[in-house]
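Open your viewer and get ready to click along with this tour. At each stop you will select something, look around, and then move on.

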Amino acid sequence: MITIKVDKNTLDKIEQDFKDNITERNIGYILFVAKTDNHIITAYENKKGVTFKVTFQGGDYLSLAKKYCPNTQIIPKKAKLQKESIVFIDVESQIGSDEVGTGDFLGPIVVCAAYADHDTMKLITEYGIQDSKKLNDNKILEIVPLLLKKVFYEVKVLTNEKYNNAINKGFNINKIKAILHNFVLTRLYKKCPYVKNIYMDQFCTEKQYYEYLEGSKSILKNIIFKEKGETYFPSVALGSCIARYYFLKEIESLNKQYNLNFPLGAGKNVDEFTQKFISKYGFDELKKVSKNNFRNFQDLNKINLL
């Protein structure tokens with residue numbers, strides 16, 4: 001991986017060049033993420049200056065970076081160390097969890113905990129299971145159904161109606177995720193109490209995680225938190241893929257229910273879809289399928305749709 005700094009014109013050119021590969025937009029300080037068969041390109045906003053940071057991963061990332069930053073003095077001589085692992089570092093019996101949907105204005109949040117051991121690793125290798133963000137959605141829809149009856153897992157789908165209710169009660173996104181992760185991990189651990197380790201793709205500190213769970217009836221302890229956990233632990237990778245599968249099936253259900261194609265992410269195409277949805281079904285119906293604390297929802301005021 002390598003990170004370069006570019007001006008607004010260059011950033012716009014990168015976005016245009018990879019417009020058909022953009023999978024996520026406007027998530028925190030991430031402007032967009034583009035994924036090709038060989039590369040992952042991530043652009044970050046910069047509120048302090050006129051330059052923007054862009055990272056390139058995979059393939060010959062250095063050559064790709066030089067295409068947009070020919071001045072070699074600007075490009076670091078050494079690529080930054082990646083937080084992710086290139087191989088799983090633990091293949092013993094384990095449980096791991098991951099979530100999807102938190103960056104999508106439309107569609108639910110889905111959290112999945114999955115069990116993995118040596119036998120599961122054979123399936124993971126056979127079907128090419130890895131971080132779901134590195135697999136395209138068609139591949140997820142193809143391989144995950146073949147695995148569901150062969151592995152142990154627990155999944156929880158949080159509709160946007162329930163998400164909005166939690167936000168209105170004062171919950172933040174990390175508290176919501178903590179509750180969902182604890183729910184699926186606890187249920188799966190009861191089925192597999194013999195596991196050696198419990199892993200989670202880290203989204204907050206360990207201290208914060210357990211603070212979010214204060215007052216819960218049952219709290220699973222001794223969890224190992226790790227950023228990019230889906231690259232280190234097969235259980236987290238498996239959970240990531242299963243969660244993505246359930247998320248995509250929920251989107252398919254919405255497509256059928258409303259006879260529309262729901263877009264993913266939170267970009268301009270989602271804003272355009274929102275206007276079309278409101279004109280057809282009304283604002284009250286939108287509130288049932290959208291995350292109402294997102295920028296997309298707030299911007300509806302600016303275009304006089306509310």
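Start by selecting helix 5, residues 160-168. Keep in mind that you are looking at a predicted model. Which residues of helix 5 are buried? Colour Asn 160, Tyr 163, Asn 164, Ala 166 and Ile 167 to see them. Now turn the view to look down the axis of helix 5: the buried residues fall within an arc of 160°, so they line one face of the helix. Next, show what these buried residues pack against: strand 7 (109-116), strand 8 (153-158), helix 6 (173-191) and helix 11 (283-289). Before you leave, click on Gly 170, which follows helix 5 and has a positive phi, near 100°.

**Strand 7 and its partners**

Select strand 7, which you just met as a packing partner of helix 5. Is strand 7 enclosed or open? Of its 8 residues, 8 are buried, so strand 7 is largely enclosed by the rest of the structure. Show the side chains and look at which way they point. Ile 109, Val 111, Ala 113 and Tyr 115 point one way, while Val 110, Cys 112, Ala 114 and Ala 116 point the other way. Residues on both sides are buried.

Add strand 6 (residues 94-100) to the selection. Strand 6 and strand 7 pair in the antiparallel sense, over 7 bridges. To find one of them, click on Gln 94, whose bridge partner in strand 7 is Ala 116. Then bring in strand 8, which runs antiparallel to strand 7 and is joined to it by 6 bridges. Here, look for Cys 112, standing opposite Val 155 in strand 8.

**The loop between helix 11 and helix 12**

Move to Ser 290, in the loop between helix 11 and helix 12 (295-298). Is Ser 290 buried or exposed? Its relative accessibility is 0%, so Ser 290 counts as buried. Its side chain reaches the backbone oxygen of Leu 286 at 3.0 Å. Leaving aside neighbours within four places in sequence, the contacts of Ser 290 are Phe 105, Leu 106, Asn 160, Asn 164 and Phe 297. You have already coloured Asn 160 and Asn 164, two of the buried residues of helix 5.

Now select Phe 294, which is also in the loop between helix 11 and helix 12. Phe 294 is buried, with a relative accessible area of 14%. Try drawing a line from its C-alpha atom to that of Phe 105: the separation is 6.6 Å, although these residues are 189 residues apart along the chain. Apart from neighbours within four places in sequence, Phe 294 is in contact with Thr 102, Gly 103, Asp 104, Phe 105, Tyr 163 and Ala 266.

**Aromatic rings**

Show the aromatic side chains next. How many aromatic pairs are there? The count comes to 20. Zoom in on Tyr 258 and Tyr 281: their ring centres are 5.0 Å apart and their planes meet at 80°, so the pair is edge-to-face. Tyr 258 lies in helix 9 (residues 234-258) and Tyr 281 in helix 10 (residues 268-281), so the pair ties together parts that are 23 residues apart in sequence. Turn on the surface to compare them: Tyr 258 is buried, with a relative accessible area of 4%, whereas Tyr 281 is partly exposed, at 32%. Then widen the selection to the aromatic cluster formed by Tyr 258, Phe 262, Phe 273, Phe 277 and Tyr 281.

Two lysines are worth a click as well. Lys 175 lies over the face of Phe 171, at 5.1 Å from the ring centre. The charged end of Lys 221 sits over the ring of Tyr 210, 4.5 Å from its centre.

**Helix 4**

For the last close-up, select helix 4, residues 137-147. Its buried residues are Ile 140, Ile 143, Val 144 and Leu 147. Look down the axis of helix 4: these buried residues fall within an arc of 105°, so they line one face of the helix. What covers them includes helix 3 (118-127) and helix 9. At the start of helix 4, find Asn 136, where a side-chain oxygen reaches to within 3.2 Å of the backbone nitrogen of Asn 138.

**Zoom out**

Finally, show the whole protein chain, with its 12 helices and 10 strands. Buried residues make up 49% of its 306 residues.

How values were computed: Residues are numbered from 1 along each chain as its sequence is written. This is a predicted model: local features need pLDDT of at least 70, side-chain atom pairs count only at pLDDT 80 or more; totals for chains, interfaces and linings use all residues. Side-chain values use heavy atoms; hydrogens and water are left out. Buried means under 20% relative accessible area, exposed over 50%, partly exposed in between (1.4 Å probe, protein chains only). Helices (H or I, at least four residues) and strands (E, at least two) are DSSP runs, numbered from the N terminus. The arc is that of the directions from the helix axis to the C-beta atoms. Contact means heavy atoms within 4.5 Å. Rings of Phe, Tyr and Trp (its six-membered ring) pair if their centres lie within 6.5 Å; planes under 30 degrees apart count as stacked, over 60 as edge-to-face and the rest as tilted. A charge sits over a ring if NZ of Lys or CZ of Arg is within 6 Å of the ring centre and within 35 degrees of the ring normal. Two strands pair if DSSP finds at least two bridges between them. A polar contact is a pair of N or O atoms within 3.5 Å; within protein, one must be able to donate a hydrogen and the other to accept it, and residues adjacent in sequence count only if both atoms are side-chain atoms.
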